[in-house]
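Student: I'd like to learn how to read helix packing and burial from a model. Can you walk me through it?

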Amino acid sequence: MAARLSLAGDDHAHGKGCELTMTGMDDRVEVMRGALADYDLAQVLQVVSIGRQFVAIEVSDAERSLGTIFAIGGRVIAVDSIMGGGLDAFFRLCELDAQTFRVFRLTPPESLPKPLGLVRELLGEHRRRRVQTPTVRAPSPPMPSPVPRAPPAPTKPPPAAPAKPSPPAKTVPPASKQVTPAKTRGPVLAVSSPKGGVGKTTIALNLALSLARQGHRTVLIDGDPNGDIMSCIDARDRPISGAYDLLFDHAQLPASLLKTTIDELSILPASGQRLPEAQLLQNDLAAAWRVLFDALMRNADVIIVDTAAGTYGPTFSILRAATHVLGVLQAETIAHRSFGVFARALESLPEVERPAVLGVVLNMLQPSESASVDVLSEVCGELPPSWLFDVTIPRHPAFLRASSEGLPLGLVDDKNPPPVAWLFEGLASEVSGRLHLHGPVQKRTKRLLL
Amino acid sequence: MPRSPAASLSPGPLTPIANGGNLHSMITDGEKQAIITSWRMVAPIATSAAELFYERLFELKPEYRALFPADMEQQKEKLMKMLTFIVDALDYQDSSWSETVAPERDLFLVVVDLGRRHSELYHVADDAYHPVGEALIWALDRGLGEAFTEEVRSAWLHVYRLLAMTMRMGKAAS
């Protein structure tokens, strides 16, 4: 494709004016090339902008060149693409499913046209267009009730015995459902439950620790505006800022993400010392969460998000942005009764936004209490077979001790961890297996006898 | 056995994982200024800073010691020259945006080439960048003390990660 530069001022936005062809630029030197699966176009623009060269960035799909962006000094000078030129073409080029890029160094023309804009600002605008939220700083009306695109499948009528809960609707997709294009590239697992106090935060924290210990780069996000993760680890005074500050553009990621003593585990708290404003939480934050997940996923294998109780409000935005959901069901009658809301809430989401159900973990099982054991046997019959994890977490005093020490179970006593801590290793193995995480494989010759 | 790497600017995610200083990931004028100002304080103690860097690097990764020569004086000098080059390359008025610089003075081209050499000649793997970046931040922290504010730290981290990404992209350079 011949590259054309508009040299006319006001017509610049529409790519009109005098032409300059790339084919005439014999002195062009290819500087680098790569796959846009590894680096997106925004990153390529950021990288070339650290220099002071006149460059052309050509993006292509498998069959043809899609367009070329000309830039110098942190500014985009011109765009030439299959969709024409100018600003519109720039944004559309950023959205195209290009596969490869090549960067050329060129001799700049004698007279440069007025730039289309600063790379920084254009990428910011591109991000805003992707988010499709005019501004998340200004309060907007409360999010409307979710309206499913497809009519919900009829659920079975409640059983005659009022004590038994309704079985979950069968229309919720299984865990094998592929992630839709609207979702982040990597696995983002929301830990959710319709009822509070069932152990979501404990599950999320200990699962994240175990996944990290198994070698998966894990980011644990506290999506609960109340910030329960920090309470669990007795660190409420540590965060300077957190996820909700990032969503509302009040903070920067480096200052917000907390390193831990486990190399592969980082924690993004909900907020700093100030809780997020309630009015802002009423905004639709799904798109902002997706952008945050995308940014984190560039250096992570899996993201775990602890959510607030219930499946609406702030949690609803997280569920719409997450790729998967892990349900936590307390082995107790009231929790069991309310669990049907979990499946119905998921079903109410448009299919393109609905997270795949990775599974349901039964928590706080009390083998000595028949009512608790009854919940186990009932869910085995009610839930789809693929949903229930093999690992069941019992109620155990070790959790209280861990809370009082402000540590996840697996760190309470390195040399002699409580037996229940090992269950999270098993849960992490199940989760990583279902998510097809490609962790480090330790090949050893196996044998029993010396 | 490969020669020891040149003054390394190994990339890699550091304390914060995600890409760049903020979700926009462009170096801001404020960040440039923070880096330029803080470097002026490091320059007089350049030798000590280089020592701190390698001390920390080999503490984090003892196996890397074998990749460097026994006498580290030249290596330390190379490191500080490279860092000085980076800071100088960032120090220009935005009003001169349309002016190009010679390829050997251009931060983008030099770092791309550095990344290619690191990969092709010294076989430095991507994961090697992490500890080197950590050592750099640690050395700056020790060297600058109270002057290593959160703003300064964030600026260096951001620039480091951007340069790291540039070096990694340089692996595929033609």
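Tutor: Sure. Keep in mind that this is a predicted model. Let's begin with a helix pair: H2(B) and H5(B) are oblique to each other.

Student: Why are H2(B) and H5(B) called oblique to each other?

Tutor: The idea is to compare the angle between two axes with a set of ranges: under 35 degrees is roughly parallel, over 145 roughly antiparallel, 65 to 115 roughly perpendicular, and the rest oblique. Here, helix H2 (residues 46-60) and helix H5 (residues 129-144) of chain B cross at roughly 135°, their axes coming within 8 Å. That angle falls in none of the named ranges, so the pair counts as oblique. As for the hand, the crossing of H2(B) over H5(B) is right-handed.

Student: Which residues of H2(B) and H5(B) meet?

Tutor: On the H2(B) side, they include B:Leu52, B:Phe53, B:Arg56 and B:Leu60. The H5(B) side offers, among others, B:Val132, B:Leu136, B:Trp138 and B:Arg142. Sorted by class, this contact has 11 nonpolar, 1 polar and 4 charged residues.

Student: Now another pair. At what angle do the axes of H1 and H3 of chain B cross?

Tutor: Roughly 140°, with the axes of helix H1 (residues 29-42) and helix H3 (residues 73-90) coming within 9 Å. That makes H1(B) oblique to H3(B) as well, because 140° is not over the 145 needed for roughly antiparallel. The crossing of H1(B) over H3(B) is left-handed. From H1(B), B:Lys32, B:Ile35, B:Ile36, B:Trp39 and B:Val42 take part, and they meet B:Met80, B:Leu83, B:Thr84, B:Val87 and B:Leu90 of H3(B). By class that gives 8 nonpolar, 1 polar and 1 charged residues.

Student: And chain B as a whole: how many helices and strands does it have?

Tutor: Chain B has 6 helices and 0 strands. Of its 174 residues, 57% are buried. Look at contacts with a separation of 6 or more, too: 83% of those in chain B link residues 24 or more positions apart.

Student: Let's try a single residue. Is A:Val391 buried or exposed?

Tutor: Check its relative accessible area against the cut-off: buried means under 20%. A:Val391 comes to 12%, so it is buried. Its place is in the loop between helix H13 (370-382) and helix H14 (397-405) of chain A.

Student: What is A:Val391 in contact with, leaving aside its neighbours within four places in sequence?

Tutor: With A:Val361, A:Leu423, A:Gly426, A:Leu427 and A:Glu430. You can also check a distance: A:Ser429 is 38 residues away from A:Val391 in sequence, yet their C-alpha atoms are 9.9 Å apart.

Terms used. Residues are numbered from 1 along each chain as its sequence is written. Chains are lettered from A and ligands numbered from 1 in the order in which they are written. This is a predicted model: local features need pLDDT of at least 70, side-chain atom pairs count only at pLDDT 80 or more; totals for chains, interfaces and linings use all residues. Side-chain values use heavy atoms; hydrogens and water are left out. Helices (H or I, at least four residues) and strands (E, at least two) are DSSP runs, numbered from the N terminus. Buried means under 20% relative accessible area, exposed over 50%, partly exposed in between (1.4 Å probe, protein chains only). Contact means heavy atoms within 4.5 Å. Axes are lines fitted to C-alpha atoms, for helices over the stretch in contact, and angles run from 0 to 180 degrees between N-to-C directions. A crossing is left-handed if the near helix is turned anticlockwise from the far one by less than a right angle, and right-handed if clockwise. Ala, Val, Leu, Ile, Met, Phe, Trp, Tyr, Cys and Pro count as nonpolar, Asp, Glu, Lys and Arg as charged, and the others, Gly among them, as polar.
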